Amino acid sequence: MKKQLLSIILSLNVFFAYADVKLPRLVSDGMVLQRDQKVKIWGWADQAENVSVKFQNKVYRTQADGDGNWMIELPAMKVGGPYSMQIIGKNQLEIQNILIGDVWICSGQSNMELPVNRVKVKYPGLVENSKNDKIRHFAVNTTYEFNELKKDFATGGWKMASPENVGAFTAVGYFFAKALYEKYHVPIGLIRIAVGGSPAEAWLPEGTIKKYPDYYKLLKKYQQKGIVDSILKADKEKIDSWNNNIDKEDLGLKENWLNNNLDFGNWEKMSMPGLWKSNPFIENKQETHVNVAGNLRNSGVIWFKKEVNLSKTQLGKPSMLILGALVDRDEAYVNGVKVGTTGYQYPPRRYNIPENTLKEGKNIITVRLVANNRNGGFVPDKFYGMTLGQDTISLKGDWFYKVGYSSIPMPSNQVTFHYQPSTLFNAQVAPLKNFVTKGVIWYQGESNTRNPKEYESLFADLIKDWRIYFNKPQLPFLYVQLANFMEESSAPQESNWAELREAQRKTLSIPNTAMAVITDIGEWNDIHPLNKKTVGDRLALAAEYLAYGDKEVVYSGPVLKSYEIKDGKFILTFDHVGSGLVSRNNEQLKHFAVADASGAFKWAKAKIEGNKVIVWNDDVKNPKRLRYGWSHNPAKANLYNKEGLPASAFQMP
């Protein structure tokens, strides 16, 4: 009886799960199907339920299997649409506004995730002029999974490019799609499965993670029942306790420093922008200097105030408070009115000021800044000011400040579960298995700079595994080399970022891959450079050559091919010279360094001779090694081809 009862319950579960034909989120209104390849339509139904698909005046039939899964393969189709599709089982579904074109997976970490809204300030009119129903975007929110391959996404739907929608598109992907559409006039579908901060190992399947014992150990740990929930609970309690204590002890909240009539003339002054660990106003103070709430060097809450005097003619215009980027999180007020808040350091602070908030004469800007880890402040070399219509007022210079509460640093070592091995493959790659695509664009690597030598293996495995999983051995895989970042170095330096770029360069040995070099468009003080158009355009050039067969396209900057040492000089030969090698702005070649057997690198001279580069240092008589662009921020590296594409950094041997 018990067995019979269990069988009935299981049957009922299947019935209630699949009583109607159901479709994955990808197979929905507005979808783009891949042209020129057989494509799959799939979903779930009752066991053995008959399912038919009507599309372009043809009917395709199948039957659900014992687990309720069904799939129908459609023949290769030419560019076209919009079309509708009917799926019929016990119920009937209709999918509308389907296009046949090219579908690209957009993956990686935050620089691929970064939306158009974050970069639109750099591109006036971009959003307003974005209407194009032939460019479509499917965005997947961050999810993770340790124990199974997910069959569907928990979120997501197809959106057409328009002023209402495009702000949420991946910026790199949008510029990539825009460039391809303008050249080929083929509909482009973008599927964004990018997760900020994610390392490569999170995107690998469990079978491959076994090659990496430390990662596999972590995966097996988090697969244990209940452990994730217990860690989440403990981490949340620690962070909540820290934040609650900050708010409870903050003198600024207790004494209402937000009061616009507050006399803050006795507050200290600090020149901003700057981070207070390196701020001369702080460094020059005696170590005994302590505010009423504690030492400014500590983490905690710092309140900043600044007066701005406005004339009557400056009022009545759309106004915005722009605060560059702040470390770590802020609440910003104008005349006591809250205009914005941001929870972590990276996003730019662009806060609209409500109408009638500003007044003639004195206006008070207040920033309550919470520093998590001992070094907060206003990120240097960003713009801090107000816009009043077309007018701009700078807020650079002295700000009054006072410590609200000096705290121990925020507790660290919380587990970010969507960064753990295999979690993103299981949750974000797996649901794509049946959806046929043109290729992948990938922007990731910053989170692997802690162990760059390992990245060469991780990244190669990732490309191989995705191709196996999608059953497309030659799937085009186009990726972005890391941008220049952090302060420039005046001397040759060791660099994890350079090591990782080298691993990316070596990945070009894998067939059907291409790399966009962007060490000329980064920002030293921002890991998320705004120039995403150049990134998208360079990826599009690679796609034109690799995926669209335009073999006349120069799609890459110079990449080292071979070298020899003769008479104390390196003679370098390059692939992808295009119409010829040049130096940017016709300046002397920079950022080459050589070393002898001692291993100490020294800057070198370099010159172009035809399609070769000659490199030497008169003081290094017997050179053994050479590097180009080898630093966190090789912004001065200036070897290009005439098509305007920069050379990749490299070292040899």
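Rings of Phe, Tyr and Trp pair if their centres lie within 6.5 Å, the six-membered ring being the one used for Trp. The views below are of a predicted model.

**View 1. Ring pairs link ten named residues into a cluster**.
The members of the cluster are Trp203, Phe425, Trp442, Tyr455, Phe459, Trp466, Tyr469, Phe470, Phe477 and Tyr479. In the structure as a whole there are 44 aromatic pairs. One of them joins Tyr563 and Phe570, with ring centres 6.1 Å apart. The planes of these two rings meet at 50 degrees, so the pair is tilted. View 4 returns to Phe570.

**View 2. The largest nonpolar core has 79 residues**.
Inside this core, the residues with the most contacts are Met31, Trp70, Met85, Ile193, Trp203, Trp442 and Trp466. Helix α11, which covers residues 452-469, gives the largest share of the core, namely 7 residues. Another core lies apart from this one and has 44 residues, among them Ile135, Leu478, Ile518 and Ala542. In soluble globular proteins, nonpolar side chains tend to be buried together.

**View 3. Trp466 and the residues it contacts**.
Which residues is Trp466 in contact with, leaving aside its neighbours within four places in sequence? They are Ile105, Ser107, Ile193, Trp203, Phe425, Val429, Val440, Trp442 and Phe477. Trp203, Phe425, Trp442 and Phe477 are also members of the ring cluster of View 1. Ile193, Trp203 and Trp442 appear again among the residues with the most contacts inside the largest nonpolar core.

**View 4. Phe570 in strand β28**.
Strand β28 runs over residues 569-575. Is Phe570 buried or exposed? Phe570 has a relative accessible area of 0%, so it counts as buried. Tyr563, its partner in the tilted pair, is partly exposed at 35%. Beyond four places in sequence, the contacts of Phe570 include Tyr563, Glu564 and Ile565. Others on the list are Val594, Val613, Ile614, Val615, Pro623, Lys624, Arg625, Leu626 and Met652. Phe570 and Trp616 are 46 residues apart along the chain, and their C-alpha atoms are separated by 6.5 Å.

**View 5. Two lysines lie over aromatic rings**.
Lys569 lies over the face of Trp616, at 4.8 Å from the ring centre. Lys551 is placed over the face of Tyr545, and here the distance to the ring centre is 4.2 Å.

**View 6. An open sheet of 3 strands**.
The strands stand in the order β12-β20-β15, and their pairing is antiparallel. The edge strands are β12 (274-275) and β15 (326-327), each of which pairs on one side only. Strand β20 covers residues 377-378 and is joined to β12 by 2 bridges. Opposite Gly274 stands Phe378 in β20.

**View 7. Two cis peptide bonds**.
The bond from Val327 to Asp328 is cis, with omega near 10 degrees. Asp328 lies in the loop between β15 and β16, the latter strand covering residues 329-334. The bond from Met652 to Pro653 is also cis, and its omega is near -10 degrees. Pro653 is found in the segment after β36, a strand of residues 650-652.

**View 8. Asn256 and Met486 have positive phi values**.
Neither residue is a glycine. For Asn256, phi is near 55 degrees. Asn256 has its place in the loop between α8 (251-254) and β11 (268-272), and counts as partly exposed at 42% relative accessibility. For Met486, phi is about 75 degrees. Met486 is found in the loop between β25 (477-480) and α12 (496-506), and its relative accessibility of 27% makes it partly exposed.

**View 9. Two stretches with pLDDT below 50**.
The mean pLDDT of the protein chain is 93, and 94% of its residues reach 70 or more. Over residues 1-18, however, the pLDDT is below 50, and this stretch has 11 contacts in the model beyond near neighbours in sequence. For residues 280-294 the pLDDT stays under 50 as well, and the model has 32 contacts beyond four places in sequence.

How values were computed
Residues numbered from 1 in each chain as written. Predicted model: local features only at pLDDT ≥ 70, side-chain atom pairs only at ≥ 80, totals over all residues. Heavy atoms only, no water. pLDDT = per-residue confidence, 0-100. Contact = heavy atoms within 4.5 Å. Phe/Tyr/Trp six-rings, centres within 6.5 Å; stacked < 30°, edge-to-face > 60°. Buried < 20%, exposed > 50% of the residue type's maximum accessible area, 1.4 Å probe, protein only. Lys NZ or Arg CZ within 6 Å of the ring centre and 35° of its normal. Core = buried A, V, L, I, M, F, W, Y, C linked by side-chain atoms within 4.5 Å. Helix = DSSP H or I, 4+ residues; strand = E, 2+ residues; numbered from the N terminus. Pairing = 2+ DSSP bridges.
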